[in-house]
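Me: Could you take a close look at a single part of this model for me? Keep it chatty, but spell out the cut-offs.

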Amino acid sequence: MGGINAAGRTSSHQSYKRTVLDALPDAEKRYTLTGLATLMARASFEDGQWIDADGSSMDQETMIARHRDWILAHTNIRRIEDPQFGDHGIAANKKAQLSLETPLTFMLSRRQLPDPPPAHWDVRDIDKRKVEVTVPAGPLDLLLPENRDALVKSAGQLPTGFEPSAFYRSVHHPRGLAMTIFGASDCLGQSGFEWQTIIDRLDPDEVAVYASNSIGQLDQNGWGGLLQSFVTGQRATSKQMPLGYGQMPADFLNAYVLGSVGATGGMLGACATFLYNLRLATEDIKHGRRRVVMVGTSDAPITPEVVEGFRVMSALADDASLKALDALELLTDEDYQRASRPFALNCGFTIAESSQFILLMDDGLALELGAQILGSVPDVFVNADGWKRSISAPGIGNYVTLGKSVSLARDILGDTAIRQRSYLHAHGTSTPKNRITESHVFDTVARAFGIEQWPVAAIKSFIGHSQGSAPGDQIASALGTFEYGLMPGIESIDAIADDVVADRLAFSFSTRPIEADVSFVNAKGFGGNNATAPILSPEVTERLLAKRHGEKAMTQWRHRRDERLADAANYETRAQQGHFEPCYRFGEGVLDGHELEMRDDALDIPGYARPVSLKANNPFGRLDGE
């Protein structure tokens, strides 16, 4: 796994550990804070010593003590640091109509003259560069520039000081795509594999990439700048249109990170997008079409326009609502850090950015290669809501997805495991509707399966709602819980709201120890995009593999895995010291078709160890001889 969100880097469980920091042993606390310090460019490790941002050297303890409070204040949900959301205000225009009592005359650069100028304007040449314009008396419609105060000022931003585009040659890449390059590279680094060693063992068509985001790239380098170009008077660029597409994370991975010619795509399902892509991968692997799949999402929605769009839906926790919720006159930094309050009295979700990727393999390939096994996914269930009054309102599909997930997990693990060693990773957006509807889904399923006290995690209370990447955030957290036995509490709240159906649910306001065989990752997306995935622990996964492949195969796998762990440790050491080298291979190995060798049963591609099989699987019968 790999990626980045408001809590930090996904590899080494750094972002997870940030959410359970106070419950970690001291050594793990120091390790996590050190990694965040280098990620956030507060310090680096050079020539065997720690170097502060000002160039001074120090020991690790001094470095942590110096930066701890700053790190904690500039990770997770907090006041938005973009100047547009602060005192500068958001650049905008106000429609106005002037009433000119006398003609208005002014000089204008010829390049700034509208083309064609309004018919009632009198335009006179002054020289080659300037004209004089006279507008007759009467009404004059115009736009007056203004700087609007941001009505929403909290978000789950990436850690302050971390800039994904700074680590590779990113030329006008939208932020979400720069995050894609970092997140997928982090995944490969954590895996301990050189990508070439994987694809050399496979038919190139046994590889797939399923990655996307929920709403495309809407910042200035993507569709945001494109759609603003006419009204802002700026030119559209040749990159804004193509780089804005929602499936572009997959395209970037194929073209610049993996060089894959296998299956590709990006399925969009609002807040369930990551699980939609994960479903494509699991279906492909279960049916033998692919053996390894990179799955992920990358969302960067913290822009004034996207924030305003969600605000006018009454979906976001805006400043006015937060003040009303706590009867406050002024919001402090601490209030912004508590903006997301799942299952408590709340007023809307907190928007966030995140990039999350996992490398999924079939079990035979994982054992053959000695892959690290962080967990497994037996299936992903997706269902719609049926008839609805409002397209954005919750519906009934989530009862189906969670019910199917628990049923499958029970069939694999048994009743006792489901009732005593499972927990829920709630969608937990922090909206009033979500707290009621999702808790009712949980309670209904719990009653059906005889679960008495079902633990509930809701990590959006720490990192906010990253739209399509939110289930990826939840999966990364679940894998951390399997490793460390700690479930993040909902630390931004003091009590569960009275309208939450909590009879069979166990909420915790602080980190709690937990023994879990399975975590149910739940997503409820706008438009009726419901998805749930049971994520099995590595311990359970290894038991299933031993049952299928035998202990001899597992012993051989462990020997191979040790090599992968050593390579992964080398990557982790470099990352922990702040040395990131994302995989970005622009223009390498480009083929145009003339280099290929085509036969009737296979296609040979230079640079790929094995050919692409052209043999078709025909379930339709044959008409030979007719």
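Reply: Start with α19: that helix gives the second largest pocket the largest share of its lining, five residues. This is a predicted model, so local features need pLDDT of at least 70 and side-chain atom pairs pLDDT 80 or more, while totals for chains, interfaces and linings use all residues. Numbering runs from 1 along each chain as its sequence is written, and side-chain values use heavy atoms, leaving out hydrogens and water.

Plenty of other elements join α19 (538-549) with at least two lining residues each: helices α4 (175-191), α9 (273-286), α13 (363-369), α14 (397-413) and α18 (470-484), plus strands β16 (354-361) and β24 (529-536). (Helices are DSSP H or I runs of at least four residues, strands E runs of at least two, numbered from the N terminus.) The space in this second largest pocket comes to about 1,100 Å³. It has 34 lining residues, and Met-361, Gly-375, Ser-376, Val-377 and Thr-541 sit closest to its centre. By class, the lining splits into 22 nonpolar, seven polar and five charged residues. (Ala, Val, Leu, Ile, Met, Phe, Trp, Tyr, Cys and Pro are nonpolar, Asp, Glu, Lys and Arg charged, the others, Gly among them, polar.)

For comparison, the largest pocket has a volume of about 1,200 Å³. (A pocket is an open set of points on a 1 Å grid over the protein atoms alone where a 1.4 Å probe fits, with protein on both sides within 12 Å along at least five of seven lines; lining residues have an atom within 4 Å of a point. Points join across faces, edges and corners, and volume is the space filled by probe spheres set on them.) There are 43 residues lining this largest pocket, with Gln-84, Ile-90, Thr-303, Pro-304 and Glu-305 nearest its centre. The class count there is 21 nonpolar, eleven polar and eleven charged. Its lining takes at least two residues from each of β7 (90-100), β11 (138-148), α6 and α10.

That brings us to α6 (residues 223-232), where Gly-224, Gly-225, Gln-228 and Ser-229 are buried (under 20% relative accessible area with a 1.4 Å probe, protein chains only; exposed is over 50%, partly exposed in between). Down the α6 axis these buried residues fall within an arc of 140° (directions from the axis to the C-beta atoms), so they line one face. They pack against α7 and α10 (304-312), contact meaning heavy atoms within 4.5 Å. Leu-227, Phe-230 and Val-231 are exposed on the face of α6 turned away from that buried side. After α6 comes Gly-233, with a positive phi near 75°.

Over in α7 (residues 240-243) you'll find Met-241, which is partly exposed at 37% relative accessible area. Leaving aside residues up to four places away in sequence, Met-241 touches Trp-223 and Leu-226.
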